[in-house]
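Reader: I'd like a close look at one part of this model, with the charged side chains followed as you go. Could you start with a single spot in a loop and then settle on the sheet?

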Amino acid sequence: MPGREDPRLVHEVELSPAFHDLDPMHIVWHGRYVQYLEIARSALMQRFDYDYPQMKASGYAWPIVDLHLKYVRPAEYGMKLIVRAAITEYENRLKVEYRIRDAATGKVLTKGHTIQVAVRWETGELQFVCPPVLWERLGVKPEDAA
């Protein structure tokens with residue numbers, strides 16, 4: 001079901017912003033959050049042995065076609081962050097929802113989502129249904145998404 005979260009499809013990583021992540025106001029620059037999401041999404045997909053190299057080997061590219069972020073509170077230098085990535089859709093597209101929290105307080109700092117679509121590597125042809133290799137790697141069935 002779109003938007004429904006399956007605990008098997010969730011992963012969290014911990015990281016701390018470095019000095020070079022800061023903007024002139026001494027908080028994490030808004031563009032760095034996209035890198036933090038990428039770190040979490042990649043770690044999540046590695047759990048299923050379907051990160052970028054395996055995607056390419058399976059014959060598909062998975063470009064991000066939509067990215068949404070909502071900044072709730074600023075992250076600061078050295079703050080320990082928990083970046084949570086959860087796959088919430090996988091039938092027609094791959095939707096990953098994110099929460100970035102302050103590890104010390106649990107307060108949500110940023111939330112958002114990305115949407116990726118399958119594209120045949122050789123032809124560039126957009127796939128309107130996710131290829132079975134994604135479902136196999138995730139250990140889900142198409143009917144689970146309905």
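**From a loop glycine to the sheet**

Author: G124 has a relative accessible area of 48%, so it counts as partly exposed, given that the label exposed is kept for values over 50%. Keep in mind that this is a predicted model. G124 sits in the loop that runs between β7 (119-120) and α3. Its C-alpha atom is 8.8 Å from that of Y60, although 64 residues separate the two along the chain.

Now for the part you asked about. The sheet is open and has 5 strands, in the order β1-β4-β5-β6-β3, with antiparallel pairing. At its edges are β1 and β3 (64-71); each has a single partner strand, so each has one side with no neighbour in the sheet. On average, and ignoring direction, neighbouring strands are turned by 15° against each other.

Let's go across it from the β1 side. β1 and β4 run antiparallel and are joined by 6 bridges. One pairing to look up in your viewer is V13 with V83, its bridge partner in β4. The next step, β4 to β5, is again antiparallel, with 8 bridges. These two strands form a hairpin, with 4 residues between them. Within the pairing, E89 stands opposite K95 of β5. Then comes β5 against β6 (residues 108-116), also antiparallel and also over 8 bridges. K95 turns up again here, with I115 as its bridge partner in β6. So K95 is a handy marker: E89 stands opposite it, and I115 is its partner in β6. The hairpin of β5 and β6 has 5 residues between the strands, and one backbone detail there is G106, with a positive phi near 80°.

What do the charges do? The count comes to 8 salt bridges, and a few of them are worth opening up. E12 and R101 bring their side chains together in a salt bridge, at 3.3 Å from N to O. That pair ties together distant parts of the chain, since E12 is in strand β1 and R101 in strand β5, 89 residues apart. Both ends are partly exposed: E12 has a relative accessible area of 39%, and R101 comes in at 22%. R101 is an easy one to misread, because the cut-off for buried is under 20%.

E89, which you've met opposite K95, also makes a salt bridge with R93, at 2.8 Å from N to O. Here the two ends get different labels: E89 is buried at 15% relative accessible area, while R93 is partly exposed at 30%. Going back to E12 and R101, salt bridges with shared partners join these two and R84 into one network.

Another pair to check is R8 with D6, whose side chains meet in a salt bridge at 2.4 Å from N to O. R8 is partly exposed, with 45% relative accessible area, whereas D6 counts as buried at 15%.

Which charged residue goes without such a partner despite being buried? That's D102, which has no salt bridge; the nearest side chain of opposite charge belongs to K107, 7.4 Å away. A salt bridge would need a nitrogen within 4 Å of a carboxyl oxygen, so K107 at 7.4 Å does not qualify. D102 belongs to strand β5. Setting aside neighbours within four places in sequence, its contacts are M79, K80, K107 and L109. So K107 is in contact with D102, and contact here takes in any heavy atoms within 4.5 Å, not just the charged groups.

Last, the nonpolar side of the picture. The largest nonpolar core has 37 residues, and W62, I87 and L134 touch the most other members. Two or more residues each come from β1 (10-15), α1 (32-47), β4 (81-89), β5 (94-102) and α3 (132-138). The biggest share comes from α1, with 7 residues. If you want one residue to centre your view on, try L134: beyond its neighbours within four places in sequence, it is in contact with M45, Y50, W62, Y90 and L94. W62 is on that contact list and is itself among the residues that touch the most other core members.

Notes
Residues numbered from 1 in each chain as written. Predicted model: local features only at pLDDT ≥ 70, side-chain atom pairs only at ≥ 80, totals over all residues. Heavy atoms only, no water. Core = buried A, V, L, I, M, F, W, Y, C linked by side-chain atoms within 4.5 Å. Buried < 20%, exposed > 50% of the residue type's maximum accessible area, 1.4 Å probe, protein only. Pairing = 2+ DSSP bridges. Axes fitted to C-alpha atoms, helices over the stretch in contact; angles between N-to-C directions. Lys, Arg positive; Asp, Glu negative; His and termini not counted.
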